[in-house]
Amino acid sequence: MKRNRNVKIVATLGPASDSYEMIRALHEAGVDVFRLNMSHGTQAEIREKHGHIRQVERDLDSPIAILADLQGPKLRVGDFARGAEDLVAGAVFRLDLDPAEGDATRVCLPHPEIFAALEPGVSLLVNDGKIRLRVVDCGADFASCEVIAGGTISNHKGVNVPDVELPLAALSEKDRSDLEFACALGVDWLALSFVQRVEDVTEACALVNGRAAIMVKVEKPKAVERFDDILAVCDGVMVARGDLGVELPVQAVPPIQKRLIRRCRAAAKPVIVATQMLESMIESPMPTRAEVSDVATAIYEGSDAVMLSAESAAGKFPVQAVQTMDRVAVEVEADPTYAQIIAASRNIKGHTVADGIVAAAREIAETTDIKAICSFTQSGTTALLTARERPGVPIIAMTSLRGTARRLALSWGCTCVMTDELERFKDAVVNAARAARAQGFATETDQIVITAGVPFNVPGTTNILRVAPCDERLIYRTDPE
């Protein structure tokens with residue numbers, strides 16, 4: 001489906017958006033990628049949502065990406081006898097392995113691996129950082145803490161440990177089950193939560209075995225420290241500002257977001273900016289000015305996609321939230337300053353033939369009257385390299401593989417079009433011209449740039465750049481077989 005913008009929109013499905021009718025309305029409003037949150041709902045419910053998305057895809061003949069987001073190792077306190085307690089700054093509060101219900105002095109934290117990693121002075125954050133504890137004394141089965149910032153603690157509130165690397169596997173038993181389920185279902189992207197080290201990613205890659213692309217959620221300080229190594233082994237990145245903003249000072253998150261976006265772009269790997277982008281639209285049909293500015297900033301920085309979480313999953317105005325994101329994106333990308341920022345941030349040091357081909361395609365497109373760049377791709381790499389260039393004209397990703405088209409639905413500027421397997425270059429040129437006209441990017445009097453590899457249908461062989469007319473009669477008259 002043709003969009004009037006380059007940045008993509010990711011929307012999380014939930015109780016407010018799990019019907020066929022709503023999913024179709026969201027896609028028509030602008031959603032390019034649907035996120036299935038494996039933390040909520042049964043596998044049967046996830047399967048139903050997946051079926052609705054694929055039905056919308058068939059009905060509208062529009063490739064849609066599906067992102068399954070694994071829960072990861074959630075650390076939570078146990079139950080309180082009264083359901084909740086108020087902790088006061090300066091008080092002493094104990095965390096331990098005793099399963100008995102908690103009170104104002106203690107509660108169970110059923111994670112011995114946390115106690116094994118603690119030492120005096122370490123901070124513990126509860127309930128998204130609203131409560132801050134500092135470890136005074138600890139052992140293999142307890143931690144005695146001073147309450148630094150008080151508040152209400154209740155059943156099953158989450159615990160963050162930002163100061164130490166926890167000896168936790170990124171994949172819990174639930175995650176392993178959900179991973180296999182999602183891959184068998186046929187999702188396009190699999191998001192890994194709470195990644196701390198490269199081994200977390202390589203383990204997931206081995207289990208996935210090429211059945212989906214791997215998206216790493218950056219939400220731990222250790223992932224930021226080791227980002228370059230992690231980026232090298234994953235397929236994409238989500239800047240998950242929720243937990244990242246809990247575990248790091250909030251003022252550190254914007255510079256980190258900017259750095260990660262630039263590194264992902266240089267590596268030609270898609271990056272999503274996520275969490276609280278239009279938070280007020282959970283309850284209000286209108287966003288705040290600050291939220292609009294936040295979305296705009298992520299777009300100006302060159303991110304591939306911006307994401308809605310509770311706004312589309314549980315909010316009262318899911319379609320309006322998508323429409324708002326769409327309007328902000330269109331407005332930002334029409335701003336001359338946007339093109340200047342994108343061009344100034346182009347810092348690509350490629351050394352392959354494919355790097356040279358896509359760089360030349362962008363240069364030709366931007367200095368002559370070219371209407372689109374058509375990239376023939378099997379693995380998706382050529383289209384990703386073209387997207388890395390952030391050209392000033394549309395990118396049409398032509399592929400015979402449905403899975404490649406779906407994965408590229410997440411990538412900046414890519415309009416994905418299915419094509420038959422081709423044997424002759426002239427057929428590729430004709431198909432590209434037809435796609436450019438059908439998508440409304442060009443007319444018969446226009447020209448397009450085509451990138452492809454010969455022999456066809458072999459990944460990693462991008463070696464041809466052709467400026468071609470969209471008039472098929474001219475193609476047949478002038479192009480070699």
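This is a short walk through a predicted model, from its barrel to a salt bridge and then to its enclosed and open spaces.

Let's begin with the annotated region. The UniProt record, an unreviewed entry, carries the annotation "domain: Pyruvate kinase barrel" for residues 5–322. Over that stretch the chain is 35% helix and 24% strand, and the C-alpha atoms at its two ends lie 13 Å apart.

Now look for the barrel itself. Eight strands close into it, and going around you meet them in the order β1-β2-β3-β12-β13-β14-β15-β16, with parallel pairing. From one strand to the next, the twist averages 25°. In general, the strands of a sheet pair through backbone hydrogen bonds, in either a parallel or an antiparallel way. For a single example, take β13 (residues 213–218) and β14 (residues 236–240): these strands run parallel and are joined by four bridges. If you would like to locate one bridge by residue, Val 218 has Val 239 in β14 as its partner.

Next come the charged side chains. Opposite charges on side chains can pair when the charged atoms come close. Across the whole structure, a search finds 37 salt bridges. One of them is formed by Arg 197 and Glu 165, whose closest N and O atoms are 3.0 Å apart. This pair links distant parts of the chain, with their positions 32 residues apart in the numbering. Arg 197 sits in the loop between β12 (189–192) and α5 (198–208), while Glu 165 belongs to the loop between β11 (159–160) and α4 (173–185).

What about enclosed space? The model has one cavity of 30 Å³ or more, and the largest cavity holds about 60 Å³. Among the residues lining it are Cys 264, Arg 265, Asp 304, Leu 384 and Arg 388. Helices α9 (253–266) and α15 (381–388) each supply at least two lining residues, and α15 gives the most, with three. The lining divides into five nonpolar and five charged residues, with no polar ones.

Finally, turn to an open space. The second largest pocket has a volume of about 520 Å³. Its lining has 31 residues, and those nearest the centre are Arg 5, Asn 6, Glu 333, Pro 394 and Gly 413. Two or more lining residues come from each of α12 (318–334), α13 (336–344) and β19 (414–418). Of these elements, α13 provides the largest share, four residues. By residue class, this pocket's lining divides into 16 nonpolar, seven polar and eight charged residues.

Definitions and conventions:
Residues numbered from 1 in each chain as written. Predicted model: local features only at pLDDT ≥ 70, side-chain atom pairs only at ≥ 80, totals over all residues. Heavy atoms only, no water. 1 Å grid on protein atoms, 1.4 Å probe; cavity = no way out; pocket = protein on both sides within 12 Å on 5 of 7 lines; lining within 4 Å. Points joined across faces, edges and corners; volume = space filled by probe spheres on them. Nonpolar A, V, L, I, M, F, W, Y, C, P; charged D, E, K, R; others polar. UniProt positions renumbered as here; feature names shortened; annotations may be inferred. Pairing = 2+ DSSP bridges. Axes fitted to C-alpha atoms, helices over the stretch in contact; angles between N-to-C directions. Salt bridge = Lys/Arg side-chain N within 4 Å of Asp/Glu carboxyl O.
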